[in-house]
Amino acid sequence: MINSLKMSFKIDMTYAINSFIYSLKKIPIFKDLFPGDNLYKSKKAKSIIRVLGLILSSARMILYKIIYFWVIYVLATLLTPKDISAGILHIYFIFTIIGMFFNNKVLTTSTKKYFSIVLFNMDAKKYMKAMLWQEILTNLISHSIGLWILIQNPIIFLFTIFGFLGRIIGERLNVWHYTKYKISLTYNYPFYWTVILLSGLVALLPRIGIIITSPIITIIDIIFLPIAILSYIGLMKIDNYKLIFKRLNTKVRALNSNQSREYSRQAMIDIKEKDKKIDEKKLKGKKGYDLFNTIFFERHKEILLRSAKWFASISLLVIVGVGILVMINPILQKNLNKFLLNNIAWFVIIMYFINRGAIITQAMFYNCDHSMLTFNFYRNPKVILNVFKTRVLTVSKVNLIPASVIAIGLPILLYITGGTPNSIDYISIPIFIITLSIFFSIHYLVIYYLFQPYDKNMKMKSIAYSLISALTYLIAYSLTDFKMSTTLFSIIAIIATVAYSIIALIIVYKKAPQTFKIK
Amino acid sequence: MKLVIKNLTKNYGNKEVLKEIDFTFEEGKIYGLIGRNGAGKTTFFNCLNEDVEVDSGRFILSDEYGENELKTEDIGYVISTPTVPEFLTAKEFLSFFLEINKDKIKDKKTIEEYFDLVKINKEDQDKLLKEYSHGMKNKMQMLINIIANPKVLLLDEPLTSLDVVVQEEMKQLLKSIKKDHILIFSTHILELALDLCDEIVILNNKQIELVEKNNLNTKKYKDKIIKMLKDEEHDK
């Protein structure tokens, strides 16, 4: 087991070091400094990079743990402001339960696992054991340290032992589920949501005075101990880990082969089995490019609509949830009202994240334009603009699904939190949200048509496209700090986004016939 | 040594891809598995390699000592699109492989000797596999499969996209190792199969069938194979 761990670590490190050298050599000055493949075979250079790599990876691990405990701490201050220590342990308990079922190590697929087990032919069971122990021991130690820093009470060890035992039980449950149903527990959605929902309810227990205390966790530990031992024995009794890993990692193989792009394209098509058949009525009377576009969007309905509907539902849930909370908590009511009247700029980044423009244009390229652009007739300016027009309309419609929920929800929230001195807000906020949604829809399509960023192998090639995408995010992000009255901001934003959209559309109409081609 | 396939059936949903296949492959021969596009050649290999679950069927390895179920370690699988850890150099890849499998490898050679076997020059050995061409990656994939020395080696169209020189090198390599192995080589290029393989089997209409050569010359044999592929119903 120790040998497997050492070997796996050695391969990982070499892989990381080579990746680093490879990236370094992409920079012109280093390319000239270290010509050829000398750096890859230089043991001295590699040992220096190895030390650096070790420091960096340890720092990264520590950082992740700090973030983990910081989140727990912040949640505890909200949940149990009077007794933060108790809240921390309560939330740690919930996180551990969720991690126990869904953060499994044995069945996760990864390139690393594929290479180790299938390609390097490592003993799958020893490998599994090594990975499992590495994970649970690292967690036991780091969580003990983390909780000790926060609480400094021996009671924390009862919780970290619970985490330790829980992980073993969780791993066993996952392997059992996989051998019985051929899918990992993580993909058992009814179970997943049940655990999440129950965890959410347990999280609320401190509100009614119930909290996970040391007697409770001691009892749970005592119950968990024999179950964990039996689970571990069960895990060790299974001999066909190689087969399990092989089957689970077949997709990883595909993703790492030269087929990867073909595969990802295939995966996008595979998702929408139910979209393969199109309702004939929807195509009736359509001809030419109108028919072509309808077929494209009908075939991609699932991709296009699924996340839009998902965001719409989440937005609705959040709005209703916040609505209920503000009605029972006057402080929250006041704060939210203040926020809505002064920080509406926050919704720029929210709408940025909700917008599906980037994914939709990717689907367009992978599943349609990539092959269609090789035909002359498809590159005809009239055709390009015609297809563009239809796409703008459809993408905007898709993005309007979640946008309209927010556009209706925000004025209602504003009203129930105490209203606004400027009644115009009730109109300007919804218009602002809708124009923002249309703006993002147009924006992604415009930069896609102007910079068409992919080459014939579907690799991202355009620096300009990447820069503009990054800039879009940066602007949206920086606006979260921007304080201006909602009335003024929403009106300025409406004018700016409408102006941008008009100018962008004019540019596309003039330039796209020249720019929209395979690189 | 023989690989006996008994009653192999594989369906994808309602689609029957392989149906009640019974066939025996023998040691010391290269079998050319021919089939039209979509006939199920890769599915057949995936079943043998246990990458997918079969609906029914057994795979048995039999020799003078008896019969055993085919095990994962008995099989090597060279896929048409080679998968290698791209951020390792060829030398590192090989060294790690040799170190991990040191107890399993018989007649261990030096790294240099292994590279000679697949004709990879010294100056290419310290290159990242990411920078290797398709053919070179394929050579590496073939090499580790040869070192692992499985009893059955499945080759899924491994030579199709190689240049003529590499193709010839690989053919010679396969011929040199066939003695103690069962090699099953899938391709849809008939000429390649006729040139390299000792036996031709066709996968058609969900079944595997040996094409007897009898006393036919190459031209007549080829015509016979094409006729068999055309005549029967095939699965598209």
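Two strands pair if DSSP finds at least two bridges between them. Keep that rule in hand for the exercises below, which use a predicted model.

**Exercise 1. The sheet**

Task: Find the strand order of the open six-stranded sheet in chain B, and name its edge strands.

Solution:
- Step 1. Follow the pairing from strand to strand. The order is E6-E7-E8-E3-E9-E10 in chain B.
- Step 2. Check the sense of pairing. Over this open sheet of six strands it is mixed.
- Step 3. Look for strands that pair on one side only. These are E6 (75-78) and E10 (207-210) of chain B, the edge strands.
- Step 4. Add the twist. Neighbouring strands are turned by 20° against each other on average, direction ignored.

**Exercise 2. One strand pair**

Task: In which sense do E3 and E9 of chain B pair, and over how many bridges?

Solution:
- Step 1. Locate the strands. E3 of chain B covers residues 29-34, and E9 of chain B covers residues 199-204.
- Step 2. Read the pairing. It is parallel, with four bridges.
- Step 3. Take one example. B:Gly32 has B:Ile200 in E9(B) as its bridge partner.

**Exercise 3. Helices on the sheet**

Task: State which strands H1 and H5 of chain B touch.

Solution:
- Step 1. Start with H1 (residues 41-48) of chain B. This helix packs on the sheet and touches E3, E6, E7, E8 and E9 of chain B. The direction of H1 makes about 150° with that of E7(B).
- Step 2. Turn to H5 (residues 134-148) of chain B. This helix packs on the sheet too, touching E6 and E7 of chain B. The direction of H5 makes about 170° with that of E6(B).

**Exercise 4. The side facing chain A**

Task: Describe the side of chain B that touches chain A.

Solution:
- Step 1. Count. 21 residues of chain B are in contact with 25 residues of chain A.
- Step 2. Find the helices. H2 (90-100) and H5 of chain B each supply at least two residues of this side. H2(B) gives the largest share, five residues.
- Step 3. Sort by class. This side of chain B has nine nonpolar, six polar and six charged residues.

**Exercise 5. Two helices of chain A**

Task: How are H16 and H20 of chain A oriented to each other, roughly parallel or roughly antiparallel?

Solution:
- Step 1. Get the geometry. The axes of H16 (residues 301-328) and H20 (residues 381-416) of chain A come within 7 Å and cross at roughly 10°.
- Step 2. Apply the cut-off. Angles under 35 degrees count as roughly parallel.
- Step 3. Conclude. H16(A) and H20(A) are therefore roughly parallel to each other.
- Step 4. Sort their contact by class. The contact of H16(A) with H20(A) has 17 nonpolar, four polar and one charged residues.

How values were computed
Residues numbered from 1 in each chain as written. Chains lettered and ligands numbered in written order. Predicted model: local features only at pLDDT ≥ 70, side-chain atom pairs only at ≥ 80, totals over all residues. Axes fitted to C-alpha atoms, helices over the stretch in contact; angles between N-to-C directions. Contact = placed C-beta atoms within 7 Å. Nonpolar A, V, L, I, M, F, W, Y, C, P; charged D, E, K, R; others polar. Parallel < 35°, antiparallel > 145°, perpendicular 65-115°, else oblique.
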